[in-house]
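Me: Please take a close look at how one pair of helices packs in this model. Give the geometry and the residues involved, and add a second pair for reference.

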Amino acid sequence: MTDALVDRYDLVVIGAGTAGEAAAHYARSKEASVAIVDRALFGGSCPFWACMPSKALLHAAAVHHGGGDYPWSKASDFRDYMINRTGGADRPDDSGHVRALEDAGAAVIRGSAALDGPGRVRVGDRVLEAGAVILAIGSVSRIPELPGLTEAKPWTNVEGTATRELPRSLAILGAGPTGVELAQVYARYGVPVTLIHPRDRVHDKEHPRSTDLLGRALEADGVALRLGARATRVRAGEGAGGAHLVELDAGKPVEAHAILLAIGRDFPTDGLGLETIGVTPPKGMLEVDERMRIAENVYAVGDIGGPEMHTHLGHYTGEAAARVALGDTTYRPFLDAIPRATYTDPETASVGLLLAQARERGIDAAEFSVDIATAAKGYTTESEGHCTIVVDRASRTLVGAFLAGIGVSETIHECVLAMRAGIDVDVLADTIHAFPTVSRVLGTAFINASREL
């Protein structure tokens with residue numbers, strides 16, 4: 001078979017979300033020839049169905065909750081503006097992302113791409129020959145095999161962030177970042193919300209002090225927490241007023257007119273052609289080496305490459321993989337200080353390892369925690385929270401930090417930098433922090449650690 005059209009590029013990027021865009025823009029800044037392919041929206045989930053709309057809705061809900069003039073109609077319009085969805089259109093406009101890539105000199109191709117052996121990518125009848133390929137295919141909401149769920153037409157993050165009509169009631173399966181953020185949005189707009197989670201704490205990968213504070217805040221907003229319970233079956237439309245019945249393995253069923261799935265993410269590797277480069281399609285993330293390679297001259301970045309799933313990590317790994325792919329033989333990405341932030345009220349933020357995790361790795365670690373509520377920041381803002389750090393006794397450096405409270409999504413970056421640079425806790429303790437801030441509370445934790453270790 002003769003290919004009708006063959007084009008050659010230094011780099012072919014499959015997937016045009018945050019990671020793919022970052023890879024393409026970096027490569028073009030180095031004057032490499034680049035093709036970037038996507039079958040859906042250029043820009044990916046973050047600007048259209050995830051980060052930007054959810055944060056816009058959280059802002060609107062906070063103003064509304066505080067008594068400000070922000071009804072749902074205004075919040076919905078603001079959300080639509082943030083994702084470039086105007087004039088009643090159901091689909092966002094991604095032309096700005098396309099234009100930015102084209103202005104940078106990348107070849108933008110719409111279609112389904114698949115690997116076709118080493119150094120080859122096929123998009124329909126078109127073949128792209130590549131010096132290197134970067135896979136940045138993102139992730140999709142996990143749909144559980146739950147009897148009756150399909151008939152209830154469940155929401156994913158797409159509907160959860162895009163709806164223009166408030167549901168009469170809402171059940172959310174999963175209390176990770178997406179679940180807790182959207183629970184707070186809808187509860188603050190008066191929607192009866194039930195948050196169903198199989199573990200005994202919301203957002204349970206964070207520090208217990210953070211999850212306890214967040215759980216209490218959600219309940220104060222009217223969210224009903226059903227913790228330690230897992231959905232086992234859905235009876236579509238069989239509840240009062242046509243609500244769905246969600247049966248659980250513990251306790252009474254939950255009634256809700258809409259069901260939002262927030263139980264995790266899956267990876268769309270079907271049809272990607274991984275087997276043509278000798279890689280067996282995995283059930284989860286692709287296994288990458290220290291330079292993000294899955295095979296010779298093939299890299300995986302963003303959600304599919306891990307080790308965690310965040311927009312900022314996708315941007316970092318996208319640029320890093322492009323840097324390696326274009327010939328930087330000495331560079332290694334640093335993935336031991338990845339910040340995590342959840343933008344509820346109060347916020348949570350963290351980096352690195354919990355105390356138990358550090359000790360499981362053989363680190364002789366100690367934990368130091370300072371309460372925000374009894375510090376000047378807490379007094380002046382009438383707020384709760386904590387700053388907790390985990391310190392390696394031997395090296396006297398941070399291995400983790402966990403914060404909750406007002407503005408902690410900004411404060412966490414001092415800890416990220418400290419871990420990235422291996423800064424001694426004595427130096428952190430001897431650093432001046434402005435008064436009265438959360439950073440000042442964090443500074444007290446550094447001082448306590450420096451004195452006690």
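**A helix pair in detail**

Reply: Helix 3 and helix 4 are roughly antiparallel to each other (angles over 145 degrees; under 35 is roughly parallel, 65 to 115 roughly perpendicular, the rest oblique). The model is a predicted one, in which local features need pLDDT of at least 70 and side-chain atom pairs count only at pLDDT 80 or more, while totals for chains, interfaces and linings use all residues. Residues are numbered from 1 along each chain as its sequence is written, and side-chain values use heavy atoms, without hydrogens or water.

Helix 3 spans residues 51-65 and helix 4 residues 72-82 (helices are DSSP runs of H or I, at least four residues, numbered from the N terminus). Their axes cross at roughly 150° and come within 9 Å (lines fitted to C-alpha atoms over the stretch in contact, with angles from 0 to 180 degrees between N-to-C directions). The crossing of helix 3 with helix 4 is right-handed (the near helix is turned clockwise from the far one by less than a right angle).

On the helix 3 side, Met 52, Pro 53, Ala 56, Leu 57, His 59 and Ala 60 take part, meeting Trp 72, Ala 75, Phe 78, Arg 79 and Met 82 of helix 4 (contact: heavy atoms within 4.5 Å). Nine of the residues in this contact are nonpolar, one is polar and one is charged (Ala, Val, Leu, Ile, Met, Phe, Trp, Tyr, Cys and Pro are nonpolar; Asp, Glu, Lys and Arg charged; the others, including Gly, polar).

For reference, helix 12 (residues 408-421) packs on helix 14 (residues 438-452) at about 35°, with axes 9 Å apart. Helix 12 also passes helix 14 in a right-handed crossing.

Methods. Helix = DSSP H or I, 4+ residues; strand = E, 2+ residues; numbered from the N terminus.
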